[in-house]
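Visitor: I should like a close look at a single part of this model, followed outwards into its surroundings. Please begin with the lining of the open space and proceed from there.

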Amino acid sequence: MIDIHCHILPAMDDGAGDSADSIEMARAAVRQGIRTIIATPHHNNGVYKNEPAAVREAADQLNKRLIKEDIPLHVLPGQEIRIYGEVEQDLAKQQLLSLNDTKHILIEFPFDHVPRYAEQLFYDLQLKGYIPVIAHPERNREIRENPSLLYHLVEKGAASQITSGSLAGTFGKQLKAFSLRLVEANLIHFVASDAHNVKTRNFHTQEALYVLEKEFGSELPYMLTENAELLLRNQTIFRQPPQPVKRRKLFGLF
């Protein structure tokens, strides 16, 4: 199994604090059935800047340590890029990392809104052959209040990644319910851990897959995990036609 969003690299952001934390996270990932992780340290979010060369070097060093520790996990380079206006230009200058050098690029919105220029930026990225993957849209306040924002971005070709902990309920019942509505509307293409540590932000991968199978049957979790494989091979992912999110009165959200 492949995890496309994880903060396992040591001392790069608010994820693993040191190499010991990274190894602890690696063991936890393997217990969840994960054998490949794309490391995605935060980049340009106002706190952290992690340049491509530093990410590649950190991933290489961690892989050497994993071999030494006999942990069956491989770590690949990526970034979780906070959206900004010059993403397209900086990609062209090789100042940003896509997910393991594929056509997929992990984009994070601010937690309280979706920038108005996002649609145009995503269009421009797609013209250059990239597929924007929206990180954890379920945790964005404006998308929760107006999920049509996500619908329109996905309808126009973006993909999105939901956090396994959201489906597992670790962020609360409201967010779990909303996450399931996004899945139901075919607005989610990947499930990933966004793990930061093994205490407060663990992987929860198997719990999320169990919830998906219970709610939607076995085909959907298979498709979402297969999409991670297709991403790694730089191939076209499975997509179902997106639908507007059904408005339901759930815990004051809908």
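Guide: Helices α8 and α10 each supply at least two residues of the lining of the largest pocket. The model is a predicted one, and the pocket within it holds about 210 Å³ of space. Its lining comprises 13 residues, of which Val183, Asn186, Leu220, Met223 and Gln240 are the closest to the centre. With four residues, α10 gives the largest share of that lining.

The two helices also lead into the interior. The largest nonpolar core has 40 residues, and those with the most contacts inside it are Val87, Ile107, Phe109, Phe122, Leu167, Leu187 and Leu212. Both α8 (173–184) and α10 (219–232) are among the elements that give this core two or more residues, together with α3 (87–92), β6 (104–108), α4 (118–127), α6 (148–155) and α9 (205–216). The largest share, five residues, comes from α6.

Helix α6 therefore merits attention of its own, as a helix whose buried residues, each under 20% relative accessible area, are Leu149, Leu150, Tyr151, Leu153 and Val154. Their cover includes α8 once more, along with α4, β7 (131–135), α5 (141–145) and β8 (159–163). After α6 comes Gly157, with a positive phi near 115 degrees.

Ile107 offers another view of the same region. Beyond its neighbours within four places in sequence, Ile107 touches Ile81, Ile83, Val87, Phe122, Val133, Ile134 and Ala135. A second core, separate from the one just described, has 25 residues, including Ala26, Ala28, Ala58 and Phe203.

The strands complete this account. Strand β1 (residues 2–6), helix α1 (residues 19–31) and strand β2 (residues 36–39) form a right-handed β-α-β unit. The strands β1 and β2 are parallel and are paired over three bridges, with Asp3 opposite Ile37 of β2. Strand β2 also runs parallel to β4 (residues 74–77), to which four bridges join it; there the bridge partner of Ile37 is Val75 of β4. Within β2, Thr36 and Ile38 point one way, Ile37 and Ala39 point the other way, and all of these residues are buried.

Technical notes:
Residues numbered from 1 in each chain as written. Predicted model: local features only at pLDDT ≥ 70, side-chain atom pairs only at ≥ 80, totals over all residues. Heavy atoms only, no water. Buried < 20%, exposed > 50% of the residue type's maximum accessible area, 1.4 Å probe, protein only. Pairing = 2+ DSSP bridges. Right-handed = clockwise from strand over helix to strand, strands pointing away. Core = buried A, V, L, I, M, F, W, Y, C linked by side-chain atoms within 4.5 Å. Contact = heavy atoms within 4.5 Å. 1 Å grid on protein atoms, 1.4 Å probe; cavity = no way out; pocket = protein on both sides within 12 Å on 5 of 7 lines; lining within 4 Å. Points joined across faces, edges and corners; volume = space filled by probe spheres on them.
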